[in-house]
Amino acid sequence: MLDSSSRNPLPRGSLGVLSAFAIALLAGPTGAFCKATTCDAASSTCPVDSNGCNTGGHPLSWTTGCLSFAVSDAGSAKRGITYDTFDAVVRKSFQQWLAVDCGGGKHPSIALWDAGDFSGPLECDTPEYNPTAPNANAWILRDADWPYHDAGSRFAHTTVTYDSATGRILDADVELDSSGVELTTSDDTIVADLESITTHEAGHFLGLGDSSDPDATMSAAYSPASRQARSLAPDDVAGICALYPPARDVPACTDPSPSHGFSRYCAGTAHDSGCGLARAGGASDGAFASVAAAAFLALRRRRAARKTP
């Protein structure tokens with residue numbers, strides 16, 4: 001079982017996690033880590049600190065400590081990555097964040113459940129948010145195309161829907177580029193290490209921005225042939241513990257469903273079990289932008305977000 005808060009898990013696993021890979025950053029009290037905020041990073045009115053973190057707006061976070069994620073059943077035929085493999089890698093990445101010791105053997109005050117354990121794999125390969133109907137916090141491998149080239153995106157693109165008045169996150173969807181990136185799962189032959197990328201992504205999904213600490217998993221610099229980002233550095237630990245401190249009052253995790261319930265299916269798709277999703281408007285540019293530099297690929301995280309009034 002995967003459980004960060006000693007809550008009763010579902011049969012296969014619960015993970016503690018939060019989603020906030022969005023458009024701005026807020027420096028933590030110590031360390032180089034940043035938190036995402038509602039302040040638009042493209043705006044000249046957002047103050048920035050010495051770590052490159054925006055300090056304006058409301059910090060983004062899930063206000064409930066009980067969440068779920070869903071992995072697309074398609075996997076990646078192009079890269080030979082099955083649903084089971086992708087699901088296991090995403091779960092392992094989240095567990096890295098949930099298992100950290102925030103002091104005294106206590107862990108971040110969040111729990112995330114794999115929706116595939118109780119509802120089956122996600123059958124939708126489109127990131128969506130519906131403000132009045134069931135949703136899914138989706139992880140998707142994109143074999144056919146990668147539509148984010150105009151945003152300078154590379155490796156991954158995450159869209160977050162949040163309440164602009166409070167910073168409360170409502171939905172998060174992660175897409176990974178398996179069409180143009182040779183994602184690998186081997187410990188020996190590595191081109192672009194899937195687990196390193198998903199662990200970095202999980203940090204954004206949890207609410208952290210890029211860190212100026214070069215040793216951190218959340219560092220903006222990523223070497224695609226390295227496995228280093230699979231494991232967290234002290235700065236990553238400080239960030240997640242600051243974002244979801246163990247002392248936070250969180251109710252028992254009895255319903256990990258997304259806003260308005262969970263659906264495995266895309267909007268407008270008829271199924272016996274009913275509900276689908278509808279796309280919310282207005283995503284801005286975002287995700288991994290790549291810059292070649294010396295012996296590594298420097299990746300600058302930009303933010304993709306949807307706001308609700």
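**View 1. Six aromatic pairs are found in this structure.** The model shown here is a predicted one. Let us start with the rings of F94 and F205, whose centres sit 5.2 Å apart with their planes at 65°; planes over 60 degrees apart count as edge-to-face, so this pair earns that label. F94 belongs to helix 1 and F205 to helix 3, so the pair ties together parts that lie 111 residues apart in sequence. F94 and F205 are both buried.

**View 2. W146 and Y148 make an edge-to-face aromatic pair.** Here the distance from centre to centre is 5.1 Å, and the angle between the planes is 80°. As you look at the two side chains, note that W146 is buried and Y148 is too.

**View 3. Four residues join in one aromatic cluster.** Its members are F69, F94, W139 and F205. You have met two of them already: F94 and F205 form the edge-to-face pair of the opening view.

**View 4. Helix 1 runs from residue 83 to residue 98.** With 16 residues at 1.5 Å a residue, helix 1 should span 22 Å, and the C-alpha atoms at its ends are indeed 22 Å apart, so expectation and model agree. Many of its side chains are worth a look: the buried residues of helix 1 include Y83, F86, V89, V90, F94, W97 and L98. D87, R91 and S93 are buried as well.

**View 5. I197 is a buried residue of helix 3.** Helix 3 covers residues 194-206. The relative accessibility of I197 is 1%, and because buried means under 20%, I197 qualifies. T217 is 20 residues from I197 in sequence, and their C-alpha atoms are 9.2 Å apart in space.

Technical notes
Residues are numbered from 1 along each chain as its sequence is written. This is a predicted model: local features need pLDDT of at least 70, side-chain atom pairs count only at pLDDT 80 or more; totals for chains, interfaces and linings use all residues. Side-chain values use heavy atoms; hydrogens and water are left out. Helices (H or I, at least four residues) and strands (E, at least two) are DSSP runs, numbered from the N terminus. The expected span of a helix is 1.5 Å times one less than its number of residues. Buried means under 20% relative accessible area, exposed over 50%, partly exposed in between (1.4 Å probe, protein chains only). Rings of Phe, Tyr and Trp (its six-membered ring) pair if their centres lie within 6.5 Å; planes under 30 degrees apart count as stacked, over 60 as edge-to-face and the rest as tilted.
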